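Student: I have a new model open and I'd like to learn how to read it. Can we go through it feature by feature?

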Amino acid sequence: MAQNRNHSDIDYVRPVRRIFVGALVLFCLAVFLVWRIDSPRVERFRANLVDRVVPGFEWASVPMAQFAGMIDNFQSYQRIYQQNQDLRRELQQMKAWKEAAVQLEQQNAKLLALNNVRLDPKLTSVSGVVVADSGSPFRQSVLLNVGEHDGVKDGWATMDGLGLVGRISGVGKTTSRVILLTDAASRLPVTIQPSGQRAILAGDNTAAPTLDFIEDLDAIKPGDRVVSSGDGGVFPSGMLVGQLALGPDGRFRVWLAADYEQLEFLRVLRSHRGEVITDTGGLIVPPQPVPEPVPDETAGEGAAPEPGDG
């Protein structure tokens, strides 16, 4: 019985649906024809129809207006989101440009410092670019793009725009190796100012090398200026090395003035051998002046008198 009832309901609904769809189609066609007919009577009919129907559908127009506003707001949100993404990309580009500008500014400052550094006027130099780093924890050295072709020789001092960096140790045709002051094989005679104490700067593969063989520990204090002494004839004297500091192990160390974190340009100082003195006796005893000859007064007493004398 239940199946027969459902079957009869379905048979009843289908004709009603067809009639409703047909009536709706006829109504749409009638509205289309009424709106397309160009006649004064039909025009008045359309105006009266609009005046009667449209005010009653204000409740339906409000949701449509709100829905249209939501669509506009969503499109505006999409535009704002796209603009935000564009601004983010531009901000990333500006950060990259800022980093490049900062690096160029630092590089320019180093070059200016390198050009304005005051050295002995007798010392000439050749500048080079650091092309490689050894990268070894047991050897502190860098490679320069200057070599024998530029007249570079072993033992010459190198410095950046701030202070002494190391010495040339190994020269090729177009490149040369620089042993840094931090290398364990580096030894540099230095002078501690203002006390004038002499010491040896010994590299130990750390950023702050130690000072050995200090003459008087009581005459120095942290913060003193450390310069090269020129002993041994390898490095010129008076070149800035760094600042004296007391390490955590209680030993005196030197905070190097050179920026070892960013070694880009180095200045190789052409050292010239000083005059070698071989006559050491001349330094001990000054040369004696040659005495002038003294006239002999006794030689004239026994001489014969000249003619005509009384």
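**A side chain that reaches backbone**

Tutor: Sure, and let's begin with D160, whose side chain reaches the backbone nitrogen of D259 at 3.2 Å. Keep in mind that this is a predicted model. The side chain of D160 also has a polar atom 2.9 Å from the backbone nitrogen of G163.

Student: Where does D160 lie?

Tutor: In the loop between β3 (157-159) and β4 (164-171).

Student: And is D160 buried or exposed?

Tutor: Buried means under 20% relative accessible area. D160 counts as buried because its relative accessibility is 7%.

Student: Which loop holds N205?

Tutor: The one between β7 (197-202) and β8 (210-212). Use the cut-offs again: N205 has 25% relative accessibility, so it counts as partly exposed. A polar atom of its side chain lies 3.3 Å from the backbone nitrogen of A184.

Student: How far apart are N205 and D183 in sequence and in space?

Tutor: They are 22 residues apart in sequence, yet their C-alpha atoms are 5.0 Å apart. For the chain as a whole, look at contacts with a separation of 6 or more: residues 24 or more positions apart account for 54% of them.

Student: Now the interior. Which residues have the most contacts inside the largest nonpolar core?

Tutor: L164, L188, V190, L201, L211 and V241, in a core of 21 residues. To place that core, ask which strands feed it: β3, β6 (187-193), β7, β10 (240-246) and β11 (252-256) each supply at least two of its residues. There is also a second, separate core of 15 residues, with V142, V165, V178 and L266 among them.

Student: What does V190 touch, leaving out residues up to four places away in sequence?

Tutor: Its contacts include the run Q197, R198, A199, I200 and L201, as well as L211, V226, V227, S228, S229 and V241.

Student: And the outside? Which residues make the nonpolar surface patch?

Tutor: F20, V21, L24, V25, L26, F27, L29 and V31 make a patch of about 780 Å². Take L24 as the example: it lies in helix α1 (residues 2-36), and it counts as partly exposed because its relative accessibility is 44%.

Student: How would you sum up the whole chain?

Tutor: Count the elements, then check burial and surface. The chain has 4 helices and 12 strands, and 23% of its 310 residues count as buried. About 22,600 Å² is exposed, with carbon and sulfur atoms supplying 58% of that area.

Terms used
Residues numbered from 1 in each chain as written. Predicted model: local features only at pLDDT ≥ 70, side-chain atom pairs only at ≥ 80, totals over all residues. Heavy atoms only, no water. Patch = residues over 30% accessible without salt bridge, like charges linked within 9 Å, V, L, I, M, F, W, Y side chains within 5 Å. Areas by Shrake-Rupley, 256 points an atom, 1.4 Å probe, with all protein chains shown as cover. Salt bridge = Lys/Arg side-chain N within 4 Å of Asp/Glu carboxyl O. Buried < 20%, exposed > 50% of the residue type's maximum accessible area, 1.4 Å probe, protein only. Polar contact = N/O pair within 3.5 Å; in protein donor to acceptor, adjacent residues only side chain to side chain. Core = buried A, V, L, I, M, F, W, Y, C linked by side-chain atoms within 4.5 Å. Contact = heavy atoms within 4.5 Å.
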